[in-house]
Amino acid sequence: ERATVAPRRSGGGGVTTVLVVDDAADIRLLQRAVLGRSGFSVKEACGGPDALAALAADPSPDVVVLDVQMPVMDGWETLAAIRADPRLAHLPVILCTVKTQPMDMERAWRAGCDGYLSKPFAISRLVEEVETALARTVEERDSVRRAWLSSPSPSPSAGG
């Protein structure tokens, strides 16, 4: 027998919505399933232009999970466009990438990401990152970003 999961509620009382942006349909499907089972409403976009069009039509997602390596418009360009739009700049954005070097992570934090998932990642990490990003206010995210950037040797975790 399957347990039902209560929908996650956003600050406004509606169901918390995650926009998953990835050019790989199987990755979007997996993320939709994982986040949906955790009570989130999930919208999908197959790339940067699709994500920006979706956000222009409905800027209500509570968090964006964004792949970095995509054709046409990569995650860096998409993140920059989100941060440049005053209607969207507050949105938490979690980057997903196969790049795990400290310099890649530093670039992500400087670009304004709010979370960083190195592929492949445990599916529980996806939910954890989304929950963490949602729990922080804009000021807290800026403070975390500044602290991370000022640390002497950026590292995703002790012991790598």
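In this predicted model, helix H4, spanning residues 102–111, has four residues tucked out of reach of solvent: Asp104, Met105, Ala108 and Trp109 are its buried members. Looking down the axis of H4, these buried residues sit within an arc of 135°, so they line one face of the helix. The face pointing away from that buried side holds Met103 and Arg110, both exposed. Right after H4 comes Gly112, whose phi is positive, at about 105°.

Stepping back to the chain as a whole, its secondary structure adds up to 6 helices and 5 strands. Followed along the sequence, these elements come in the order β-α-β-α-β-α-β-α-β-α-α. Of the chain's 160 residues, 39% count as buried. Contacts also reach a long way along the sequence: taking those between residues at least 6 apart, 62% join residues at least 24 apart.

What about the inside? The largest nonpolar core has 21 residues, and the ones touching the most other members are Leu19, Val21, Val64, Leu66, Val93 and Leu95. At least two residues of this core come from each of strand S1 (17–21), helix H2 (48–57), strand S3 (63–67), helix H3 (75–84), strand S4 (93–97) and H4. A second core, separate from this one, is made of 15 residues, with Phe40, Ile94, Cys96 and Val130 among them.

Leu19 makes a good place to zoom in. Leaving aside residues up to four places away in sequence, Leu19 touches Lys43, Glu44, Ala45, Ala51, Leu55, Pro61, Val63, Val64 and Val65. Val63 turns up again in relation to Thr16, which lies in the segment before S1. Although 47 residues separate Thr16 and Val63 in sequence, their C-alpha atoms are 8.4 Å apart in space. Thr16 has a relative accessible area of 4%, so this residue counts as buried.

Elsewhere, two helices meet. The axes of H1 (residues 25–37) and H5 (residues 123–135) come within 10 Å of each other, crossing at roughly 60°, and the crossing is right-handed. On the H1 side, the contact is made by Leu30, Gln31, Val34, Leu35 and Arg37, while H5 brings Ile123, Leu126, Val127 and Val130. By type, the residues of this contact split into 7 nonpolar, 1 polar and 1 charged. Val130 of H5, which takes part in this contact, is also one of the residues of the second core.

Terms used:
Residues are numbered from 1 along each chain as its sequence is written. This is a predicted model: local features need pLDDT of at least 70, side-chain atom pairs count only at pLDDT 80 or more; totals for chains, interfaces and linings use all residues. Side-chain values use heavy atoms; hydrogens and water are left out. Buried means under 20% relative accessible area, exposed over 50%, partly exposed in between (1.4 Å probe, protein chains only). The arc is that of the directions from the helix axis to the C-beta atoms. A nonpolar core is a set of buried Ala, Val, Leu, Ile, Met, Phe, Trp, Tyr and Cys residues joined through side-chain atoms within 4.5 Å. Contact means heavy atoms within 4.5 Å. Axes are lines fitted to C-alpha atoms, for helices over the stretch in contact, and angles run from 0 to 180 degrees between N-to-C directions. A crossing is left-handed if the near helix is turned anticlockwise from the far one by less than a right angle, and right-handed if clockwise. Ala, Val, Leu, Ile, Met, Phe, Trp, Tyr, Cys and Pro count as nonpolar, Asp, Glu, Lys and Arg as charged, and the others, Gly among them, as polar.
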